[in-house]
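Thanks for coming. I will take a few minutes to walk through one structure, starting with a single residue and then widening out.

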Amino acid sequence: MPEIKISICASALRPAQWKTTYDSLTQNSIEWELIYVGPNPPNYNFPSNFTYIQSNVKPAQCYEIAFRKAKGELIHWTADDAIYPPNALDIVYNFFKCFNNNKVVVAFRTVEDGRDITEFHRLRGKDPSAPRMAPFGVMNREFFRELGGYDRRFICGQSENDVVMRACEAGGWVEIAPTSVIVNHR
């Protein structure tokens, strides 16, 4: 069996969206797995590279459950309604590998409701001196585990910012994948 390159993980509430997300991922050549954790099981079956874990815990804990199940070289936090253009995972994986450093955090460009909002993903909005964040980030799974994963005290949002800040404190940094986009509708 080929080695999984990216484990895509999400706290998941909307099973009606999952097939669209899954289908958008099928146009990649690297091996990947999709792991969703949440309270609402799908009423349809997925291929073997999709795992659903039922849980009623808060979203940050759902992400951590997914990360612990992950087998990929890299982990990627996402949303259960994200849409990936063709080869998005291939591009991000190769971009990550070009740094030859397991402490880099790669962020997808983010389009929400038709607008590229990538530059807003800083701790203080568009302030260029503020640390860059990765709302749809990818990082080395072992480095993520060294950092302690998601902090269980978070409820939902900002837990990924905490991981990014801890990565930066440990010598990491954030790079934006210039040609890989995630489309998300809020």
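**A short walk through the chain**

Let us start at Asp23, which lies in helix H1, residues 15-25. Keep in mind that this is a predicted model. Is Asp23 buried, partly exposed or exposed? Its relative accessible area is 35%, so Asp23 counts as partly exposed. For a sense of distance, take Arg153, which is 130 residues away from Asp23 along the chain. The C-alpha atoms of Asp23 and Arg153 are separated by 33 Å.

Now the chain as a whole. It has 5 helices and 8 strands. Going along the sequence, the order is β-α-β-β-α-β-α-β-β-β-α-α-β. The C-alpha trace spans about 45 × 35 × 35 Å along its principal axes. How does the radius of gyration of the protein chain, 15 Å, fit a compact globule? A compact globule of 186 residues would come out near 16 Å, so the two agree.

A few totals follow. Of the 186 residues in the protein chain, 52% are buried. If we take contacts with a separation of 6 or more, 74% of them join residues 24 or more positions apart. The accessible surface is about 8,900 Å², and carbon and sulfur atoms hold 51% of that. On charge, there are 21 positive and 21 negative side chains, and the centres of the two sets lie 3 Å apart.

Next, strand S5, residues 104-112, where we find Arg109. Which side chain does the side chain of Arg109 meet in a polar contact? The partner is the side chain of Asp116, at 3.0 Å. Leaving out neighbours within four places in sequence, Arg109 is also in contact with Thr118, and with a set of residues that includes Ile176, Ala177, Pro178 and Ser180. Pro178 is 69 residues from Arg109 along the chain, yet their C-alpha atoms are separated by 6.9 Å.

Thr110 is in strand S5 as well. Thr110 has a relative accessible area of 0%, so it is buried. The side chain of Thr110 reaches the backbone oxygen of Phe108 at 3.4 Å. Beyond four places in sequence, the residues Thr110 touches include Ile117, His121, Pro135 and Phe136. Asp116, Thr118 and Ile182 are among the contacts of Thr110, and these three are also among the contacts of Arg109.

On to helix H4, residues 141-146, and its residue Arg141. Is Arg141 buried or exposed? Its relative accessibility is 16%, and the cut-off for buried is under 20%, so Arg141 counts as buried. The side chain of Arg141 reaches the backbone oxygen of Lys71, at 3.4 Å. Apart from residues up to four places away, Arg141 touches Ala70, Lys71, Gly72, Glu73, Leu74 and Ile75.

Last, helix H5, residues 159-169. Which residues of H5 are buried? They are Ser159, Glu160, Asn161, Val163, Val164, Arg166 and Ala167. An α-helix has 3.6 residues a turn, so residues three or four places apart point the same way. The buried residues of H5 pack against two helices, H2 (59-69) and H4. They also pack against the strands S4 (74-77), S5, S7 (137-140) and S8 (173-184). After H5 comes Gly171, with a positive phi near 100 degrees.

To return to where we have been: S5 holds Arg109 and Thr110, and S5 is also among the elements that the buried residues of H5 pack against. That is the end of the walk.

Conventions: Residues numbered from 1 in each chain as written. Predicted model: local features only at pLDDT ≥ 70, side-chain atom pairs only at ≥ 80, totals over all residues. Heavy atoms only, no water. Helix = DSSP H or I, 4+ residues; strand = E, 2+ residues; numbered from the N terminus. Rg over C-alpha atoms; globule rule 2.2 N^0.38 Å. Buried < 20%, exposed > 50% of the residue type's maximum accessible area, 1.4 Å probe, protein only. Contact = heavy atoms within 4.5 Å. Areas by Shrake-Rupley, 256 points an atom, 1.4 Å probe, with all protein chains shown as cover. Lys, Arg positive; Asp, Glu negative; His and termini not counted. Charge placed at Lys NZ, Arg CZ, Asp CG, Glu CD. Polar contact = N/O pair within 3.5 Å; in protein donor to acceptor, adjacent residues only side chain to side chain.
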